[in-house]
Amino acid sequence: MIVTQDLAAPRGYSSAVALGFFDGVHIGHREVIGAAVRAAKAGGLVPCVFTFRPSGVLPAGKSALTLLQTEEQKEEVFRSLGVEEAVCPAFSEFQAMSPEGFVRDFLHGVMGAKVISCGFNYHFGKGGAAGVEELRALCRPLGIRVEAVPAVLWEGEPVSSTRIRGCIREGRMEEAAGMLGSPFTLELPVVHGKRLARTQSWPTINQIFPPDFTIPRHGVYYSRAVLDGREWAAITNVGIKPTLHETNLTMETYILDYTGDLYGRTIPVSLLKFLRPEMKFASVEELSGRIREDIKAVRELAGA
């Protein structure tokens, strides 16, 4: 898959384009992208995604968002869904463009769009002034077919990135995973910690949240790490470790039965189930005893 920010060069081929902000590619977004991929296969077109980078100036209603996936994770999902090109410019390059210019000059003139898919509530053009009906009206004389995907429901309510963020912040990881289409996963470099856990026979890896990422509820999680193509049961603490009088937010993971140096590597860790809130204990020994109980619970959940 090609990931490009090239906005000027005509593609030289005809395409089916999925439009959306895709701030965390959830099951609703996957339906929009899937519609473009299916249309591409049926019509001999190139399946593409057009979205914006989640940084700098953002579209109306998106300025307060926090991320659900890294750009690398999003690109991997696009690839897995069959996308061949993802066009990902900064929003600032399009925010002043009229709806007519976006459709005529960019989608038609540059992307060579023959089919466009989008969500039922998609908006575009300067100030987000145009919606799906305007998109259909602008595309019709250009011979572009528009497919608007209806809301995808989860437990009777529409799936949205906002709803998923709420679940993650409340520790409802199973619900978040259902709407995302996969567990909430942080794929971050391993950094050096204080190595206290190594003295207690449960060596951990430490990872630091990016400043713009959605932060899960502070506490202990049943988790899963992926190392060298193998999945490992794990236990993860998200928080500030109050027993140790620390204040920096970290994600600290003990990978069951794994030994080895992982510093500097980027390790995917999926938070599967919230076990308990972060707690302040009277002593390190009391903390260690509770961690042993948590590890036992994780082994039972994982069947390890």
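Two strands count as paired when DSSP finds at least two bridges between them. I'm starting there, everyone, as the sheet comes up a lot today. Please also keep in mind that what we have here is a predicted model.

So, which strands make up the open sheet, and in what order? There are six of them, arranged S1-S4-S3-S2-S5-S6, and the pairing is parallel. At the edges sit strand S1, residues 2-4, and strand S6, residues 145-149, each of which pairs on one side only. Going from one strand to the next, the twist averages 20°.

Let's zoom in on strand S2, residues 15-19. S2 is joined to strand S3, residues 46-50, by five bridges, and the two run parallel. If you want to find the register by eye, look for Val17, which stands opposite Cys48 in S3. Then move to Ala18, whose bridge partner in S3 is Val49.

Is S2 mostly covered or mostly open? Mostly covered: five of its five residues are buried. As a reminder, in a regular strand the side chains alternate between the two faces of the sheet. Here Ser15, Val17 and Leu19 point one way from S2, while Ala16 and Ala18 point the other way. Residues on both sides are buried.

Now for some helices. Two packed helices are described by the angle between their axes and the distance between the axes. Take helix H3, residues 99-108, and helix H4, residues 132-139: they pack at an angle of about 45°, and their axes are 10 Å apart. Why do we call H3 oblique to H4? Because an angle of about 45° is neither under 35 degrees, which would be roughly parallel, nor in the 65 to 115 range of roughly perpendicular, nor over 145, which would be roughly antiparallel. The crossing of H3 and H4 is right-handed.

Who meets whom there? From H3 we have Pro99, Glu100 and Val103, and from H4 Leu135, Leu138 and Cys139. Sorted by class, that contact has five nonpolar residues, one charged and no polar ones.

Next, helix H6, residues 173-180, which is mostly covered, with six of its eight residues buried. The buried ones are Met173, Ala176, Ala177, Gly178, Met179 and Leu180. What do these buried residues pack against? Their partners are helix H1 (27-43), helix H5 (161-169), and the strands S7, S9 (184-189), S11 (219-227) and S14. Right after H6 comes Gly181, with a positive phi near 90°.

That brings me to backbone angles. Most residues other than glycine have a negative phi. So two spots deserve a look on your screens. One is Glu155, which is not a glycine yet has a positive phi of about 55°. Glu155 lies in the loop between strand S7 (153-154) and strand S8 (157-158). With 60% relative accessibility, Glu155 counts as exposed, because the cut-off is over 50%.

The other is Asp257, again a residue other than glycine, with a positive phi near 70°. You'll find Asp257 in the loop between strand S13 (250-255) and strand S14 (266-277). At 53% relative accessibility, Asp257 counts as exposed too.

That's my tour. Thanks for listening, and I'm happy to take questions!

Note on methods
Residues are numbered from 1 along each chain as its sequence is written. This is a predicted model: local features need pLDDT of at least 70, side-chain atom pairs count only at pLDDT 80 or more; totals for chains, interfaces and linings use all residues. Side-chain values use heavy atoms; hydrogens and water are left out. Helices (H or I, at least four residues) and strands (E, at least two) are DSSP runs, numbered from the N terminus. Buried means under 20% relative accessible area, exposed over 50%, partly exposed in between (1.4 Å probe, protein chains only). Axes are lines fitted to C-alpha atoms, for helices over the stretch in contact, and angles run from 0 to 180 degrees between N-to-C directions. A crossing is left-handed if the near helix is turned anticlockwise from the far one by less than a right angle, and right-handed if clockwise. Contact means heavy atoms within 4.5 Å. Ala, Val, Leu, Ile, Met, Phe, Trp, Tyr, Cys and Pro count as nonpolar, Asp, Glu, Lys and Arg as charged, and the others, Gly among them, as polar.
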